[in-house]
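Let's take a friendly walk through a protein model, one sheet at a time. Have a look at the structure below, then read on.

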Amino acid sequence: MAKNKRKIQIIILILIFVVYFFIAARPIPRETVLSHRWTSSLLDDDLSIGEQSGSLVPFTLGARFGYVDSRGQFAVNRTRINDMYLSPNMWAEYSAELSDILINDIARNTEININNARGYPILLDDRVFILGSEQNSLSEIDDNGNILWTYEFGAPLTCIDAASGLVLTGSLDGVVEVFNSGGERIFYFEPGGSRYSVILGCAISRDGTYIGIVSGIDQQRFLLFERFGSAGGEYKIVYHEFLETGFRRPVRVLFIDEDRRIVFERAGGIGCYSIKSRRGMYIPLDGEIAAIDESGDQRFLFLITSHSVLDKKLIGIRFPQDRLFGVSRTPAVDSIFLKAPFKSEDIFLGRTRIFDSRIYGSRTEGSRAGSLRSSVIIGGGASLISFDLEEK
């Protein structure tokens, strides 16, 4: 009798454990980690050209600049002598003496020589522009170094961006303008509403559908425009936000995650607006933003904050799924999944997406023939270090 009673108790305990396991158990959440891939030193010959793999990432770090591929192989690794402008496919060194400028196209292995440029090179959207020496004129240059068009502005330009054959400009007098591929102005807007009218930052989406700006001092605000109409030149405000304490310097504004989001600097952190869910959020940060990841794909964004001449911190942000409309008034501290302090006076931060066939074999074998892997490239001292972004 006692044995039967004990067996019944054991069975009841087992049943209770099974019921608890299925009701209370939760899957272990996957953790996002950075896995070291390669380290490359910049202290090599001034020009190291080898067989490159995948797209090239432009970099500047201290007195060095160039292009590096997904394996850490340099396509260009040079010592910088003068001022320079570096884009994904082109680069140019120039001096303040406003002499001739040589544009190097690394994608096509060609050069464009601009005689007596009388300005500074701006390389955007695989196009070459010259910003006039007084910063109040803009000219586009063709492959032969000839001027295609020139536009004179009423005040010095404070920001420029280009995409989808369009050029977006902002100026010191608080004017926003958009030009088509022929240099014709198709949009003009003065945000106003501030004690000092100035455009501090601007960006245009890759398809030209959206433009974002940070404007004004006292009060400062962020504005997002969307293009309407078949003519393609009519933009209307679809989102507006006051930024309270503002900057008195140029600020970063950029579209990320394949134009799904736009991020911008604001006092004490960054702002982010999701175009899909039409939801704005604020992420507080310590220190000043020293570098920012310009792709921000797969809902991840990386940036480096500066706390002193040497003290830096790598910050990883994971944006939430797009669900709700409106503005998140509560600072999204939980979006930060990585804080990694390091010491370096000079820094670089880049991001690349790499096709990985190590698991599934050749890319031609079908939809499961491989996968896209995201990598972060961080520069400090005289080295570039690549990390794969993985979930474990």
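## A hairpin to start with

Strand 21 and strand 22 (residues 261-266) are paired in the antiparallel sense, over four bridges. Two bits of vocabulary help here: strands (E, at least two residues) and helices (H or I, at least four residues) are DSSP runs, numbered from the N terminus, and two strands pair if DSSP finds at least two bridges between them. In general, strands of a sheet pair through backbone hydrogen bonds, either parallel or antiparallel.

Which residue in strand 22 is the bridge partner of Val253? That's Phe264. The hairpin of these two strands has four residues between them, and in it Asp257 takes a positive phi near 55°.

Now for the side chains of strand 21 (residues 253-256): Val253 and Phe255 point one way, Leu254 and Ile256 point the other way, and all are buried. Buried means under 20% relative accessible area, exposed means over 50%, and partly exposed is in between (1.4 Å probe, protein chains only). As a rule, side chains in a regular strand alternate between the two faces of the sheet.

## Where the model comes from

This is a predicted model, in which local features need pLDDT of at least 70 and side-chain atom pairs count only at pLDDT 80 or more, while totals for chains, interfaces and linings use all residues. Residues are numbered from 1 along each chain as its sequence is written, and side-chain values use heavy atoms, with hydrogens and water left out.

## The sheet of strands 13 to 16

Here four strands make an open, antiparallel sheet in the order 13-14-15-16. Strand 13 (157-163) and strand 16 (185-189) are at the edges with a single partner strand each, so one side of each has no neighbour in the sheet.

Strand 13 pairs with strand 14 (residues 166-171) in the antiparallel sense over six bridges. Look for Cys159, which stands opposite Gly170 in strand 14.

## The sheet of strands 5 to 8

Another open sheet has four strands in the order 5-6-7-8, again with antiparallel pairing. Its edge strands, strand 5 (83-86) and strand 8 (110-114), each pair on one side only.

Strand 5 and strand 6 (residues 90-94) share four bridges in the antiparallel sense. Across from Asp83 you'll find Tyr94 in strand 6.

## A word on cysteines

How many disulfides are there? Counting pairs of cysteine sulfur atoms within 2.5 Å, the answer is zero. Cys202 counts as buried, at 9% relative accessibility, and Cys272 is buried too, with a relative accessible area of 3%.
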